[in-house]
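Colleague: I have the structure open and some labels to challenge. Can you take me through them?

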Amino acid sequence: MPIKDDILIGQMLIKEGVITPEQLEAGLIEQKKTGNFICATLVKLGFAPEDKIFNVLSRQLHTPYIKLRGCEISLEVIQKVPAKFASHYKIMPVEFTDNILVIAMADPLDIRTIDDLKLLLSLEIKGALSSEWEIQEAIRRYYGVGAETIERMVSQKGPFEELSIPLEKAEDVEALAEDASVIKVVNQILSEAIKERATDVHLEPFANELRARFRIDGVLYDINTPESIKYFHLAIVSRIKIMAHLNIAERRLPQDGRIKVKVGQQELDLRVSIIPTIFGEAVQIRILSLSFFLELEKLGLRQEDLRLIESFIIKPHGVVFVTGPTGSGKSTTLYAALARINSDANKIITIEDPIEYQMRGINQIQANPQIGLTFAAALRHMLRHDPDVMMVGEVRDAETAEIAIRSALTGHLVFSTLHTNDAAGAITRLLDMGIEPFLVSSSLECLIAQRLVRLVCPKCKVPVKNPAETLNFIYKEIPCGIRQAEIYEGKGCQECRFTGYRGRTGIYEILPISEPIRELILNHASSQQIKKQALNEGMRTLRHDGLEKVLAGLTTYAEVMRVTQLEHQLKNDEV
């Protein structure tokens with residue numbers, strides 16, 4: 001863009017009082033370094049809000065300002081501009097009337113782009129203002145992730161060429177997977193997942209499509225991809241296999257691998273799982289950060305609960321179980337507990353499947369049942385290495401449970417997880433496995449049940465209108481001395497993908513094993529009887545903790561109801 005145009009726009013903004021002459025001068029210096037549009041540079045430097053700048057330009061240049069987030073663009077209009085043109089010129093078609101195509105562009109004075117598009121599309125072009133960020137977002141939303149690359153591959157090779165490759169020719173598949181365009185598509189999918197804060201990427205083949213989904217804050221979302229991506233399914237899966245050092249010729253058996261990547265300053269560990277389905281291989285990629293925080297204070301625990309957990313993890317022996325379904329944050333809690341007590345004075349050994357985070361100073365063993373290295377076998381060998389603390393990734397069978405419990409009775413502190421709905425249910429699960437009640441009673445120190453709830457987006461957080469009914473439900477569920485008038489929800493914005501939620505925190509149910517509860521365990525009491533006693537001793541349920549976070553403005557009533565089960569009424573005659 002010519003410098004005189006930058007100065008012209010800058011002078012307009014100064015005249016309107018949006019920026020100062022000094023800010024324009026600083027913006028022009030930065031703009032020369034990056035080559036970005038002057039308005040984008042001024043916004044990035046924090047000199048003025050984007051909307052204010054574009055509203056001024058819209059008035060001064062008599063050009064409409066379009067917020068693409070609020071637009072619904074028809075397929076007919078999208079088809080007027082190929083993905084490769086939209087991506088290359090950073091423009092978005094918005095409207096088509098009387099042979100005039102309205103395009104959103106960040107640079108209103110870029111006459112060269114308008115002339116190029118007139119020539120390429122054989123249409124009359126009219127420019128409109130929009131932010132570069134919204135244009136890029138709209139391109140991904142309407143054309144799909146990797147659309148430009150897929151479109152180019154189809155035009156170069158023909159859409160059915162990939163399907164004609166014989167499955168037995170592994171060398172042909174490998175050559176295809178190493179194609180620069182296929183590599184770019186896979187990188188674009190992974191980059192988009194990381195940008196969207198996804199924890200999992202799912203690529204699932206069906207009869208006439210290859211579906212891509214990201215799990216963000218615990219919820220799966222469909223990700224728009226070009227329809228023609230289905231023709232490159234084999235190449236994409238093979239590329240991922242090569243990255244994960246898997247066998248590209250094997251398509252009949254499940255395979256697991258890992259990929260280490262660096263995005264900016266962030267190191268990521270990608271866990272790849274591939275399974276055969278009737279329409280081809282499905283891929284699941286778990287995204288783990290190697291620089292993950294491991295502080296108990298950041299897990300959403302109340303101060304009282306934090307002190308309670310700290311009192312148990314410094315004990316010389318005993319068992320601490322964390323319970324909950326898959327994806328409820330159990331491993332994160334255990335890692336945070338280990339990080340708290342990790343020191344030169346403690347020898348800590350873990351057995352995990354898989355090892356999710358590597359921790360300095362801790363001996364971590366990867367379970368491998370195929371060669372006989374099961375949790376139970378590893379536990380036996382761990383005891384010979386004089387550990388102070390042991391962590392078992394998951395108690396899956398009676399043998400592992402019994403060894404873990406007997407290890408605690410011989411002077412070791414043991415951490416592990418169980419899949420149960422609440423804290424008290426872990427006791428009955430152990431008894432159902434065949435563990436003797438006296439062993440359970442003697443070894444258990446604490447049970448922690450947890451779930452993850454989505455946090456209200458801080459950018460679009462607003463008070464709930466007419467909250468009285470919801471507050472009445474909350475006050476019926478939990479005893480609360482303080483009555484308040486406001487709870488919050490997210491109205492939806494760009495930051496949270498218009499979901500109203502961004503990020504997650506934990507809700508907890510902590511059950512210390514007191515003497516009365518030990519007596520109940522010895523007497524084969526039910527989980528409901530144990531829970532009733534724990535509540536009498538002051539235990540807070542998962543729902544109770546969640547609803548207090550609603551009252552604190554952290555999450556919503558609907559979100560807590562989504563992740564917690566209805567509590568069973570504890571009758572007074574239960575013993």
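Modeller: Start with the second largest cavity: α14 gives the largest share of its lining, 3 residues. Keep in mind that this is a predicted model.

Colleague: Which elements give two or more residues to that lining?

Modeller: They are α13 (303-313), β10 (318-323) and α14 (330-341). The lining itself is L296, I309, I313, V320, V322, T333, L334, A337, F415 and I448.

Colleague: How do you know how that lining divides into nonpolar, polar and charged?

Modeller: By residue type. Leu, Ile, Val, Ala and Phe count as nonpolar, whereas Thr falls among the polar ones. The lining of the second largest cavity therefore divides into 9 nonpolar, 1 polar and no charged.

Colleague: What makes this space a cavity and not a pocket?

Modeller: A 1.4 Å probe fits in a cavity but cannot get out, whereas a pocket is open. The second largest cavity has a volume of about 40 Å³.

Colleague: How many cavities of 30 Å³ or more does the structure hold?

Modeller: It holds 2. The largest cavity has about 50 Å³ of space. Its lining is R197, I216, D217, Y221, R454, C496, R497, T499 and Y501.

Colleague: What makes 4 of the residues in that lining charged?

Modeller: Asp and Arg count as charged. The lining of the largest cavity includes R197, D217, R454 and R497. The rest of the division is 4 nonpolar and 1 polar.

Colleague: Now the sheet. Why are β6 and β7 said to stand at the edges?

Modeller: The open sheet has 6 strands in the order β6-β5-β4-β9-β8-β7, with antiparallel pairing. β6 (219-223) and β7 (255-263) each have a single partner strand, so one side of each is left without a neighbour in the sheet.

Colleague: How do you know that β8 and β9 pair?

Modeller: Pairing needs at least two bridges. Strand β8 (residues 266-277) and strand β9 (residues 280-289) are joined by 10 and run antiparallel. So they pair. One of the details: L268 has S289 in β9 as its bridge partner.

Colleague: What lies across β4, β5, β7, β8 and β9?

Modeller: Helix α12 (residues 233-243) does, at about 45° to β9.

Colleague: Last one. Which residues of α17 and α21 meet?

Modeller: A424, G425, I427 and T428 in α17 meet S527, I530 and K531 in α21. By class, that contact has 3 nonpolar, 3 polar and 1 charged residues. The two axes come within 8 Å and cross at roughly 140°. The crossing of α17 and α21 is right-handed.

Technical notes
Residues numbered from 1 in each chain as written. Predicted model: local features only at pLDDT ≥ 70, side-chain atom pairs only at ≥ 80, totals over all residues. Heavy atoms only, no water. Axes fitted to C-alpha atoms, helices over the stretch in contact; angles between N-to-C directions. Helix = DSSP H or I, 4+ residues; strand = E, 2+ residues; numbered from the N terminus. Left-handed = near helix turned anticlockwise from the far one by under 90°. Contact = heavy atoms within 4.5 Å. 1 Å grid on protein atoms, 1.4 Å probe; cavity = no way out; pocket = protein on both sides within 12 Å on 5 of 7 lines; lining within 4 Å. Points joined across faces, edges and corners; volume = space filled by probe spheres on them.
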